[in-house]
Amino acid sequence: MKQELYEVWGDTVDARHLVYAIGIGATVSLGTFFIAQHLLVGWVESAQMARAYAMLVGILGCLAGGAISARLFKPKRHVIEHVADPAWRAKILIELQNEYGPLGRLSDLPPATIAELREMDLYELFADYEKGLAAPDVPAAPGASISAVRSHGSRS
Amino acid sequence: MIAPLLDQILIALGMGILGAVIFAGIGLISGSDETTTLAPLTLLVVLLGVPAAGVLTFFLAGAVAKHMTHAVPTALLGIPGDTMATPLMREANFLRNLGVPHIALRKMISGAVIAALIAVPMAVLFALMLAPFGDMIKHAAPWVFLLAAIAIAWFSKGRLAAVLTLIPFVMVIVGLQSITGQYGVKLSVSYFLGIAIGPLIAALFSMLAPAERATMRREEVRTFSLSPDVKSWGGFFPNPLKVLDSKQSMWTAITAVVSSATFVFSPVAMTVIMGEVVGSRIKHVYHRLTTVITARNGVTESTYLAEALIPLIAFGLPLSPVAAGPAAPLFNAPPRFSVDTATGQVNNLHTLLNTWEFLGYGMLAVVVAILIAYPFTMNYAHRAASYVSRKISHEAVISTFVGLILVIGIWEGGLLGLAVIVTIGLLGGFLSRFLGFNIGVQFMGYYTAVLTVPALVALLHS
């Protein structure tokens with residue numbers, strides 16, 4: 001069965017699964033609410049408190065409905081464990097430059113930040129970038145595509 | 001004398017822990033908006049009769065915990081954890097693409113810790129400064145709300161369109177109230193929920209219209225790249241001041257103080273502005289990214305705390321975007337809490353707790369939330385993000401919220417309650433999408449309908 005994918009409320013869903021999930025959510029939540037109300041009105045002194053407790057049970061019913069839907073319908077997401085490619089990083093610097101203008105100098109940084117950059121192996125990246133600036137005709141990362149980066153940044 | 005106080009503190013502690021645990025979990029789910037989650041659950045706590053101190057700690061600890069764990073999807077998956085996380089996306093994405101999302105995460109939540117601790121005493125201080133004007137403001141409440149509604153609308157994305165849209169929006173609410181009134185049904189939560197969940201209702205209706213449906217069609221699933229786990233700190237509870245450098249701690253503290261004072265502005269707007277102010281003062285781009293993201297996430301905490309606490313302490317009236325939205329049940333939750341503008345009579349946390357109690361329980365809530373959410377996020381962020389993105393489908397999230405609409409609507413007003421949620425949700429959802437008439441403005445519209453319109457009618461008839 002081919003999936004019919006739609007973007008609803010910020011993420012991708014399958015149309016058929018969405019209809020089923022809404023059906024399950026509605027049935028389970030309202031079902032628990034009405035059963036709880038029916039039972040509690042007999043037990044609890046004040047009718048108002050009985051209804052408040054019934055609402056609490058109903059909300060637990062909402063979560064139960066969600067849990068059932070989560071078990072039945074798998075997420076429509078492709079999750080990959082992703083290690084940022086070192087070759088990308090140079091391109092990120094170009095993006096950063098486009099976004100913020102000049103990137104600044106390492107000599108402006110306090111020692112703690114320099115240490116942090118070294119720990120992350122980013123120091124060389126920025127140092128190379130500064131060397132690249134000293135020789136202005138050499139672009140930092142020639143001929144590279146930045147499309148993969150853009151796909152992540154598009155929501156910002 | 002001592003025993004009842006101890007009881008109160010224990011209840012406050014217990015509710016704080018409950019709020020922190022629940023909302024630390026909710027914060028991990030991307031797109032779980034603050035208003036749609038905090039408002040109904042806080043309302044429930046109020047209606048179940050939890051003592052005032054417990055209600056306060058539940059809400060505050062929940063908000064603080066959520067704005068820490070929302071850093072997990074934001075930093076590791078590149079999707080905003082909630083509404084307040086959207087201004088953090090640009091910096092988070094750059095740091096993620098540089099291969100250091102764990103740095104983004106650590107800085108964000110460390111900023112949150114510092115700002116939350118600063119915001120509570122600051123909010124109390126500002127509230128004390130405003131309190132002398134409290135009585136005046138209470139008596140002028142209907143007009144203050146009208147002015148606040150216009151101001152908040154003007155500063156929204158819609159500008160003049162949003163200001164003018166207030167008129168038809170208020171008319172619709174007044175109309176709905178008189179219809180339900182004919183059947184003896186008085187609703188309030190249904191309006192809150194309808195406004196908060198409007199974007200979902202609008203999206204579901206759009207799915208049913210063929211033309212809109214076609215634009216929502218997607219050929220393939222979205223790809224999320226989850227960054228690998230890098231643990232580069234020792235122990236279970238890292239020191240936030242060591243995670244940040246001195247400049248970052250300083251900027252976080254300054255922005256926390258400033259954003260605690262500006263409680264009438266939209267928290268998202270404050271987060272954006274404070275970030276820009278800090279960013280323009282730091283030269284090197286890496287330092288700028290990390291400092292801005294730290295300060296911004298700090299502001300998500302401080303604005304929320306101050307916008308809830310200042311109106312509660314000083315006026316007892318929901319006079320800020322947070323107080324009108326996610327924190328609304330702290331002010332108005334009939335039959336237990338109420339605001340009567342005709343007489344200026346207030347019966348809610350404002351009257352039930354004194355200033356010192358607000359300070360004490362506020363700090364308790366913040367400390368509890370930090371003790372739970374901070375080490376959790378530091379140590380389990382990667383596993384949590386992986387679990388949520390692989391196991392919890394968006395269908396399941398929508399299913400839960402549809403259940404919530406049905407239960408709350410039927411509970412409050414039967415089929416009429418449900419009809420009101422759907423009407424307000426659909427209208428509000430589309431107005432927000434097309435005119436920038438956002439949720440904060442809609443809440444102010446609701447208060448204008450409930451508070452200003454009766455005063456206006458009385459004025460015209462006198």
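## Strand pairing at the start of chain A

In this predicted model, strand 1 (residues 5-8) of chain A pairs with strand 2 of chain A in the antiparallel sense, over four bridges. One of the residue pairs that can be followed here is A:Tyr6, whose bridge partner in strand 2 of chain A is A:Val13. These strands belong to an open sheet of three strands, which has the order 2(A)-1(A)-1(B) and antiparallel pairing. Strand 2 (11-14) of chain A and strand 1 (217-218) of chain B stand at the edges, each with a single partner strand, so one side of each is left without a neighbour in the sheet.

Helix 1 (residues 15-43) of chain A lies across strand 1 and strand 2 of chain A, and runs at about 85 degrees to strand 2 of chain A.

## Chain A as a whole

Chain A contains six helices and three strands, and along the sequence these follow the pattern β-β-α-α-β-α-α-α-α. Of the 156 residues in chain A, 29% are buried. When contacts in chain A between residues at least 6 apart in sequence are considered, 57% of them join residues at least 24 apart.

## Where chain A meets chain B

Between the two chains, 69 residues of chain A are in contact with 58 residues of chain B. On the chain A side, at least two residues each are supplied by several elements, among them strand 1, strand 2, helix 1, strand 3 (77-81) and helix 3 (86-100), while helix 2 of chain A gives the most, with 13 residues. By class, the side of chain A that touches chain B has 40 nonpolar, 17 polar and twelve charged residues.

A further pairing between the chains involves strand 3 of chain A and strand 2 (residues 222-226) of chain B, which run parallel and are joined by five bridges. Within this pairing, A:Ile80 has B:Ser225 of strand 2 of chain B as its bridge partner.

## A helix pair within chain B

Helix 1 (residues 2-27) of chain B packs with helix 19 (residues 355-391) of chain B at an angle of about 40 degrees, with their axes 9 Å apart, and the two helices are therefore oblique to each other. Helix 1 of chain B passes helix 19 of chain B in a right-handed crossing. Residues making the contact include B:Gly16, B:Ile17 and B:Ala20 of helix 1 of chain B, together with B:Leu364, B:Val368 and B:Phe376 of helix 19 of chain B. The residues of this contact divide into 14 nonpolar, one polar and no charged.

Definitions and conventions. Residues are numbered from 1 along each chain as its sequence is written. Chains are lettered from A and ligands numbered from 1 in the order in which they are written. This is a predicted model: local features need pLDDT of at least 70, side-chain atom pairs count only at pLDDT 80 or more; totals for chains, interfaces and linings use all residues. Axes are lines fitted to C-alpha atoms, for helices over the stretch in contact, and angles run from 0 to 180 degrees between N-to-C directions. Angles under 35 degrees count as roughly parallel, over 145 as roughly antiparallel, 65 to 115 as roughly perpendicular and the rest as oblique. A crossing is left-handed if the near helix is turned anticlockwise from the far one by less than a right angle, and right-handed if clockwise. Two residues are in contact if their C-beta atoms, placed from the backbone, lie within 7 Å. Ala, Val, Leu, Ile, Met, Phe, Trp, Tyr, Cys and Pro count as nonpolar, Asp, Glu, Lys and Arg as charged, and the others, Gly among them, as polar. A residue is buried if 20 or more other C-beta atoms lie within 10 Å of its own, exposed if 12 or fewer, and partly exposed in between; C-beta atoms are placed from the backbone. Two strands pair if DSSP finds at least two bridges between them.
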